[in-house]
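Welcome, and have a look at the chain shown here. The report below walks through a pocket, the nonpolar cores and a few charged pairs.

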Amino acid sequence: MDGLILINKQKGFTSHDVVNVIRKKLNTKKVGHTGTLDPNATGVLPILIGKGTKISKYLMEHDKTYIATLKLGEKTDTGDSEGQVIEEKSIPKDLRKEDINDVLQSFLGKQKQLPPMYSAIKVNGKKLYEYARNNQKVELPKREVTIKQIELVSDIKRDNDKIYFDIKCLVSKGTYIRSLINDLAKILNTFGVMENLRRTKQGNFDINQAVTLEQVEKKDYKLLPIDLCLPPYKRITVENENEVINGKMFDNIYNEPIIF
């Protein structure tokens with residue numbers, strides 16, 4: 001069995017949890033995901049099966065679209081609502097939607113971003129969340145990311161001196177929405193955490209195409225072909241497979257890299 005299953009991940013599951021469930025349901029060890037989605041996040045998680053696992057690195061490069069709910073006025077140790085509140089700060093009473101929109105637009109383009117301390121990025125062979133759990137200090141590595149689109153997609157709601165609203169953003173590989181929210185809150189002179197996160201798109205794969213693990217259990221899903229994962233690349237049909245097996249250089253013939 002080779003291909004891809006597009007999963008709509010539910011809260012409480014890690015990406016690896018989903019992989020393990022699919023392995024058991026399909027009775028195969030060759031299963032992998034295409035980039036971690038936080039346990040408290042939901043949405044699109046492409047799962048690769050069989051030979052599909054060989055193209056994981058290409059899917060990881062694709063842009064992603066998220067809808068996030070923000071809570072301003074509070075700071076947690078993890079950057080989301082699952083963490084412990086460590087500080088609070090009042091919000092300007094005259095804060096308007098226009099102010100938020102202006103700040104959001106200032107994030108468009110390439111920038112250096114600091115990842116959250118509670119993340120799976122490795123520093124000196126150790127994941128950042130391992131340092132955090134052991135109360136060890138470590139220098140966070142700045143990473144270049146690109147915010148391609150970002151907008152406010154809800155009204156702002158005030159509740160118990162906190163402000164809530166939703167944003168939608170299209171971002172490059174490696175972008176942390178918790179970091180984006182933290183940076184946004186700083187500009188607004190307050191703190192911010194991520195209340196909810198939903199990935200609605202990864203590359204060309206949309207949430208409307210995704211199925212739940214319960215649907216997989218009932219065999220109510222489609223195994224998508226591998227080539228759907230590689231739309232930017234030119235398809236080349238090799239008439240003599242021995243040429244590929246023997247390592248013939250096709251780049252010189254077609255003047256461009258080729259994906260087989």
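## The pocket lining

In this predicted model, the lining of the largest pocket is made up of 13 nonpolar, 13 polar and 10 charged residues. The pocket itself encloses about 1,100 Å³ of space. Its lining counts 36 residues, and those closest to the centre are Thr-36, Leu-37, Asp-38, Ala-120 and Tyr-176.

Which elements give two or more residues to this lining? They are α1, β4, α4 (128-133), α5 and β13 (192-202). Strand β13 supplies the largest share, with 3 residues.

## Two nonpolar cores

The largest nonpolar core holds 41 residues, and the members that touch the most others are Ile-7, Ile-22, Ile-47 and Phe-165. Ile-22 is a good place to start exploring: leaving out residues up to four places away in sequence, Ile-22 touches Ile-7, Asn-27, Val-31, Ile-47, Ile-49, Leu-213 and Val-216. Apart from the largest core lies another one, of 12 residues, including Leu-4, Val-44, Leu-224 and Cys-229.

## A bridge between two helices

How many salt bridges does the structure hold? There are 8. As a reminder, side chains of opposite charge can pair when their charged atoms come close.

One of the bridges joins Lys-25 to Glu-217, with 2.2 Å between the closest N and O atoms. Lys-25 sits in helix α1 (residues 15-26) and Glu-217 in helix α6 (residues 213-217), so this pair ties together parts of the chain that are 192 residues apart in sequence. Are the two partners buried or exposed? Lys-25 is partly exposed, at 41% relative accessible area, and Glu-217 is also partly exposed, at 48%.

## A bridge between two loops

Glu-61 and Lys-173 form another salt bridge, their closest N and O atoms lying 3.1 Å apart. Here the partners come from loops: Glu-61 from the one between α2 (56-60) and β4 (64-72), and Lys-173 from the one between β12 (162-171) and α5 (177-187). The pair links distant parts of the chain, 112 residues apart.

Glu-61 has a relative accessible area of 48%, which makes it partly exposed. Lys-173 is partly exposed as well, at 42%.

## A bridge between two strands

The side chains of Glu-88 and Lys-162 also meet in a salt bridge, at 2.8 Å from N to O. Glu-88 belongs to strand β6 (residues 85-88) and Lys-162 to strand β12, and the two are 74 residues apart.

Which side of the burial divide does each partner fall on, buried or exposed? Glu-88 counts as exposed, because its relative accessibility of 52% is over the 50% cut-off. Lys-162 counts as buried, because its 11% is under 20%.

## Around Lys-157

Lys-162 turns up again in the surroundings of Lys-157. Lys-157 lies in strand β11 (residues 157-159) and, at 54% relative accessibility, counts as exposed. Setting aside neighbours within four places in sequence, the contacts of Lys-157 are Lys-162, Ile-163 and Tyr-164.

Where does Lys-157 stand relative to Lys-71? The C-alpha atoms of these two lysines are separated by 9.6 Å, although the residues are 86 apart along the chain.

Conventions. Residues numbered from 1 in each chain as written. Predicted model: local features only at pLDDT ≥ 70, side-chain atom pairs only at ≥ 80, totals over all residues. Heavy atoms only, no water. Salt bridge = Lys/Arg side-chain N within 4 Å of Asp/Glu carboxyl O. Helix = DSSP H or I, 4+ residues; strand = E, 2+ residues; numbered from the N terminus. Buried < 20%, exposed > 50% of the residue type's maximum accessible area, 1.4 Å probe, protein only. 1 Å grid on protein atoms, 1.4 Å probe; cavity = no way out; pocket = protein on both sides within 12 Å on 5 of 7 lines; lining within 4 Å. Points joined across faces, edges and corners; volume = space filled by probe spheres on them. Nonpolar A, V, L, I, M, F, W, Y, C, P; charged D, E, K, R; others polar. Core = buried A, V, L, I, M, F, W, Y, C linked by side-chain atoms within 4.5 Å. Contact = heavy atoms within 4.5 Å.
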